Amino acid sequence: MSIWVTLEMQLRPGAMAELEPFLKANLPAVRGFDGALLVQLYFNPETGRFLLLEEWISREHHQAYIAAITENGVMEQLLSFMAGPPDVQYFERMPL
């Protein structure tokens, strides 16, 4: 059964203009990573909050992705757009 991952962050003021080209360059790699099923982006311009909503085959697949982008420097670049640390949550589908 797949899992859902949310990553919510507060962007630095004015960071969206820099974040958009970064996302356009890096989203194909996220969506093509082994185990990635869905990656959607949401932004609240009133609050400056940014949300990534992702579906992965498993938590292990997502954690392998996090390890890969930590190693290659993409995570550090993503963190540079944030005003603070991201809130990352894992959710399992309820079989109801």
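In this predicted model, strands β2 and β3 pair up in the antiparallel sense, with 8 bridges between them. The two strands form a hairpin with 4 residues between them, and here G48 takes a positive phi near 75°. Two of the pairings give a feel for the register: A36 sits opposite W56 in β3, and L41 faces L52 in β3. Strand β3 also has a partner in β1, again antiparallel and again with 8 bridges. On that side, M9 has F50 of β3 as its bridge partner.

L41 is worth a closer look. This leucine belongs to strand β2, which covers residues 36–44. Is L41 buried, partly exposed or exposed? With a relative accessibility of 28%, L41 falls in the partly exposed class, because that class takes in whatever is neither under 20% nor over 50%. Once the neighbours within four places in sequence are set aside, the contacts of L41 are L23, L27, F50, L51 and L52. L52 thus turns up both in this contact list and as the residue opposite L41 in β3. F50, another of the contacts of L41, is the residue that bridges to M9. As for P85, it lies 44 residues from L41 in sequence, and the C-alpha atoms of the two are 18 Å apart in space.

Turning to charged pairs, the model holds 3 salt bridges. One of them brings together the side chains of R49 and E8, at 3.2 Å from N to O. This pair ties distant parts of the chain together, with R49 in strand β3 and E8 in strand β1 (residues 3–10), 41 residues apart. So the link runs between β1 and β3, which are also joined by 8 antiparallel bridges. Both partners count as partly exposed, R49 at 28% relative accessibility and E8 at 30%.

A further salt bridge is formed by R12 and E18, whose closest N and O atoms are 3.4 Å apart. R12 is partly exposed at 28% relative accessibility, and E18 is partly exposed too, with a relative accessible area of 43%.

The remaining pair is R93 and E55, whose side chains meet at 3.6 Å, N to O. Here too the bridge links distant parts of the chain: R93 is in the segment after β4 (87–92), E55 is in strand β3, and 38 residues separate them. What is the burial class of each partner in this pair? R93 is partly exposed, with a relative accessible area of 44%, whereas E55, at 14%, is buried because its value is under 20%.

Strand β4 itself can be looked at through Y90, which has its place there. Y90 counts as partly exposed, at 25% relative accessibility. Leaving out residues up to four places away in sequence, Y90 touches I3, W4, V5, R59, H62 and Q63. Three of these contacts, I3, W4 and V5, fall within strand β1 (residues 3–10). The others, R59, H62 and Q63, fall within α2 (59–72). L19, by contrast, is 71 residues from Y90 in sequence and 24 Å from it in space, C-alpha to C-alpha.

That leaves the open space in the model. The largest pocket holds about 250 Å³. Its lining is made up of 19 residues, and those closest to the centre are N26, V30, Y65, I69 and V74. Which elements give two or more residues to this lining? They are α1 (16–32), β3 (49–56), α2 (59–72) and α3 (74–79). Placed on those ranges, N26 and V30 fall in α1, Y65 and I69 in α2, and V74 in α3. By class, the lining comes out as 15 nonpolar, 3 polar and 1 charged residues.

Strand β3 keeps coming back in this account. It pairs with β2 and with β1, it supplies R49 to one salt bridge and E55 to another, and it is among the elements that give two or more residues to the lining of the largest pocket.

How values were computed:
Residues are numbered from 1 along each chain as its sequence is written. This is a predicted model: local features need pLDDT of at least 70, side-chain atom pairs count only at pLDDT 80 or more; totals for chains, interfaces and linings use all residues. Side-chain values use heavy atoms; hydrogens and water are left out. Buried means under 20% relative accessible area, exposed over 50%, partly exposed in between (1.4 Å probe, protein chains only). Contact means heavy atoms within 4.5 Å. On a 1 Å grid over the protein atoms alone, a cavity is a set of points where a 1.4 Å probe fits but cannot get out, and a pocket is an open set with protein on both sides within 12 Å along at least five of seven lines; lining residues have an atom within 4 Å of a point. Grid points are joined across faces, edges and corners, and a volume is the space filled by probe spheres set on the points. Ala, Val, Leu, Ile, Met, Phe, Trp, Tyr, Cys and Pro count as nonpolar, Asp, Glu, Lys and Arg as charged, and the others, Gly among them, as polar. A salt bridge is a side-chain nitrogen of Lys or Arg within 4 Å of a carboxyl oxygen of Asp or Glu. Two strands pair if DSSP finds at least two bridges between them.
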